[in-house]
Amino acid sequence: TKMPSCRKRMAPAISRAVSRMSAISFSGTRIDRMPSWERAHLGLGRTFQITRLFREMTVLENVVAPLSQFSWGQLAADAVAGHEAARALELLAFVGMAQHAHVPARSLSFGQQKLVELAQVLMLEPKLILLDEPAGGINPTLIERMAERIRDLNRELGTTFLIVEHNMPLVAELCDPVIVLARGRTIAEGPAAEIQRDPHVLDAYLGEGWVDEAALDGEPEVRA
């Protein structure tokens with residue numbers, strides 16, 4: 001299982017590619033005409049650059065909400081319990097948010113919301129998780145917590161991640177290979193250390209003086 005990553009201009013390139021392709025498949029199933037909730041239950045999870053939690057629901061209710069057996073009637077009856085609630089609490093503990101399980105999502109910081117959203121995605125046990133700028137707008141402590149959880153999931157469960165991110169130190173630390181897009185085209189692909197020296201990448205994004213020394217000392221921590 002690999003940890004691929006792309007720069008933040010990937011999304012327009014994908015939309016153009018989709019319009020030209022006849023079909024997109026995941027695990028042998030065509031998904032380009034499938035509703036998003038069906039893709040999620042097939043094993044394809046994603047988080048958003050701007051979090052999309054239900055602000056008036058509790059953190060625990062947000063994590064349980066993706067389940068197919070969840071109903072709005074459970075909320076009215078305050079009936080989020082049993083195996084599903086226990087599993088949600090485990091995932092909240094995994095991302096370091098269990099102490100906030102019973103508070104409204106609107107009371108969380110932006111970085112905390114991103115951690116809850118990761119727990120929400122994990123509730124469906126995805127094979128592939130798409131992360132849209134997971135480090136965007138959050139402090140270094142929470143960025144490191146997010147990175148640790150990504151490493152754990154990749155190493156222990158074999159979960160594959162596709163990360164769209166402009167935080168180059170995070171990309172260099174986590175990802176192999178790194179794929180760089182500019183103006184809808186792939187301009188470089190390879191290990192982080194090579195990407196940082198690529199003249200096309202330097203010209204498009206980084207500038208000639210940018211080097212992340214940690215990435216040059218060895219291989220990225222998350223590997224195949």
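How many Å apart are the end C-alpha atoms of helix α6 (residues 110-122), and what span should its 13 residues have? Before answering, bear in mind that the structure on screen is a predicted model.

Select residues 110-122 to begin. At 1.5 Å a residue, the 13 residues of helix α6 should span 18 Å, and the end C-alpha atoms are 19 Å apart, which agrees with that expectation.

Keep α6 selected and bring back the surface of the remaining chain. Twelve of the 13 residues of α6 are buried, so the helix is largely enclosed by the rest of the structure. Among these buried residues are apolar-looking stops for the cursor such as Leu115, Val116 and Leu118, but Gln112, Gln113, Lys114, Glu117 and Gln120 are also on the buried list. To see what surrounds them, colour β4 (44-46), α3 (59-64), α5 (82-94), β5 (128-132) and α7, for the buried residues of α6 pack against these elements.

From α6, move to one of those neighbours, α7, and select Arg151 there. Is Arg151 buried or exposed? With a relative accessible area of 5%, Arg151 is buried. Show next the side chain of Glu144, which meets that of Arg151 in a salt bridge with a distance of 3.3 Å from N to O; Glu144 itself is partly exposed, having a relative accessible area of 31%.

Now add Glu173 to the selection, where the N to O distance of the salt bridge with Arg151 is 1.9 Å. Glu173 lies in helix α8 (residues 168-174) whereas Arg151 lies in helix α7 (residues 140-157), so this pair ties together parts that are 22 residues apart in sequence. Like Glu144, which is partly exposed, Glu173 is partly exposed, in this case with a relative accessible area of 24%. With the three side chains displayed together, you have a network of salt bridges that links Glu144, Arg151 and Glu173.

For the last stop, select Arg30 and Asp32, which form a salt bridge whose closest N and O atoms are 2.8 Å apart. Here Arg30 is partly exposed, with a relative accessible area of 35%, and Asp32 counts as partly exposed at 30% relative accessibility. If you wish to continue the tour on your own, a search of the whole structure finds eight salt bridges, including those visited here.

Key. Residues are numbered from 1 along each chain as its sequence is written. This is a predicted model: local features need pLDDT of at least 70, side-chain atom pairs count only at pLDDT 80 or more; totals for chains, interfaces and linings use all residues. Side-chain values use heavy atoms; hydrogens and water are left out. A salt bridge is a side-chain nitrogen of Lys or Arg within 4 Å of a carboxyl oxygen of Asp or Glu. Buried means under 20% relative accessible area, exposed over 50%, partly exposed in between (1.4 Å probe, protein chains only). Helices (H or I, at least four residues) and strands (E, at least two) are DSSP runs, numbered from the N terminus. The expected span of a helix is 1.5 Å times one less than its number of residues. Contact means heavy atoms within 4.5 Å.
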